[in-house]
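Q: Please take a close look at one part of this model. I would like the aromatic rings, the charge beside them and the acidic residue in the same area treated together, then the nonpolar cores.

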Amino acid sequence: MTASYLYATARTPFGRFGGALAGVRPDDLAATALRGVLAKAPGLDPAEVDEVVWGCANQAGEDNRNVGRMAVLLAGLPTSVPATTVNRLCGSSLDAAMQASRALETGDATVAVAGGVESMTRAPWVLPKPERAFPAGHAQMVSTTLGWRLVNERMPPEWTVSLGEANEQLGERFGISRERQDAFAARSHRLAAEAWATGAYDDLVVGVDGVDLGRDEGIRDGSTPEALAGLAPSFRSDGTITAGNASPLNDGASALLLGSEAAADRIGLAPLARVAGRGAHALDPQDFGFAPVEAAAKALARAGIGWSDVGAVELNEAFAVQALACVDAWSQQGDVDPEIVNAWGGAIAIGHPLGASGGRVLATLAARLRASGERWGVAAICIGVGQGLAVVLENVADAPSAS
């Protein structure tokens, strides 16, 4: 077994639902991120990419037919570069990175690109085919943008509640107040705005041709807990979750260039970080927001470290309540300082285009480790239908390139 390393990252700005990226097909967004990450390794012959592993959650419209392979073709890579598309819902691109890293560690690949894409704006309505010809009744179209659709009637109803209702239940279980959620959401916007203003994201984000979008579109400068407190609950009349303390619907793509240590010369870059541990965990479907807790514990154990060693955490903020539940649990497990979580903002501000978010959190984690000099970091994400993923990175940004 050899080690796997992260060499470069790139993502598009994340656009609002119906916003600046609404006119861009998801396969074109994917190709943009793929070209962007390879442009950071100009010495690498694209024909030497052994595998592209791409994440996408919905796959019901223009992102169908193996959107990873479509990205390879649209990005102008040689047709000899193979690609696959994986679907672990919100964790799809983090899963793609995990799968790519395993291929590198086993020797099945030397250079790989992982990434993901989602256009939630362009996710289509679907109309199920009738079970028999010429039905006389009405038919209903179903949105594929987010959440359960075309549910199997054999599923227990407690499993198939909406994502928002599931997290209302999580908030009740752990006693997480509306005030804490709004404060966490305001922090996300403040830190994201600060990170963009100080140039933290400048080298991580690539523009989309024909679109005037210089940063993530959903960040609300000056957002405050007081302003967020005025928003009505979204899922229960007396609930705590609002449009302001949950991640929005978004469009975007992310990409990661990975390789073995021996590939450094071919890639022409020194590695940024080593993939040191991976973890997956599953719970009852309605408890999905809490699944990153044990996923991270597994990743840390496989890396051979504990929470006391960790200097940075990137946790996808699907909802403020689930992020707080995870941070609280981690703090109880290992005295985790909440300030090391999402120090450059999170998905509540930046956005959560489902298939692209895992790549974003892993890329941001590597950049934060490089900027701070901390050695160890954790990237984690919750996943609808009861799952969570986590990856531990070891900062090797100052290590010499391999010969």
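A: What follows starts with the ring pairs, moves to their polar neighbours and ends with the cores. Keep in mind that this is a predicted model.

Start with the rings. The structure holds 4 aromatic pairs. One of the pairs is W196 with Y201. Their ring centres are 5.3 Å apart. The planes meet at 35 degrees, so this pair is tilted. A stacked pair would need planes under 30 degrees apart, and an edge-to-face pair over 60. W196 and Y201 are both buried. Ring pairs also bring in W344, giving a cluster of W196, Y201 and W344.

Next, the charge. R11 lies over the face of Y201, at 5.4 Å from the ring centre. R11 also has its charged end over the ring of F14, 4.7 Å from the centre of that ring. R11 therefore sits over two rings, those of F14 and Y201, both within the 6 Å limit for such a contact.

Now the acidic residue. D216 is found in the loop between helix 5 and helix 6 (225–228). Is D216 buried or exposed? D216 is buried, because its relative accessible area is 1%, and the cut-off is under 20%. The side chain of D216 makes a polar contact of 2.9 Å with the side chain of W196. A polar atom of the D216 side chain also lies 2.9 Å from the backbone nitrogen of F14. Leaving out residues up to four places away in sequence, D216 touches R11, T12, P13, F14, W196 and I350. D216 thus meets a member of the ring cluster, W196, and also R11 and F14.

Finally, the cores. The largest nonpolar core has 45 residues. W307, V310, V313, L315, W330 and V392 have the most contacts inside it. Elements giving two or more residues to this core include helix 4 (163–174), helix 5 (178–197), strand 10 (310–315) and helix 9 (320–334). Helix 9 supplies the largest share, 9 residues. W330 shows how such a residue is surrounded. Beyond four places in sequence, W330 touches P292, V293, A296, W307, V313, L315, D335, V336 and A380. Among these partners, W307, V313 and L315 are also on the list of residues with the most contacts in the core. Another core, of 40 residues, lies apart from the largest one, and A41, A71, V113 and A255 are among its members.

Technical notes
Residues numbered from 1 in each chain as written. Predicted model: local features only at pLDDT ≥ 70, side-chain atom pairs only at ≥ 80, totals over all residues. Heavy atoms only, no water. Phe/Tyr/Trp six-rings, centres within 6.5 Å; stacked < 30°, edge-to-face > 60°. Buried < 20%, exposed > 50% of the residue type's maximum accessible area, 1.4 Å probe, protein only. Lys NZ or Arg CZ within 6 Å of the ring centre and 35° of its normal. Core = buried A, V, L, I, M, F, W, Y, C linked by side-chain atoms within 4.5 Å. Helix = DSSP H or I, 4+ residues; strand = E, 2+ residues; numbered from the N terminus. Contact = heavy atoms within 4.5 Å. Polar contact = N/O pair within 3.5 Å; in protein donor to acceptor, adjacent residues only side chain to side chain.
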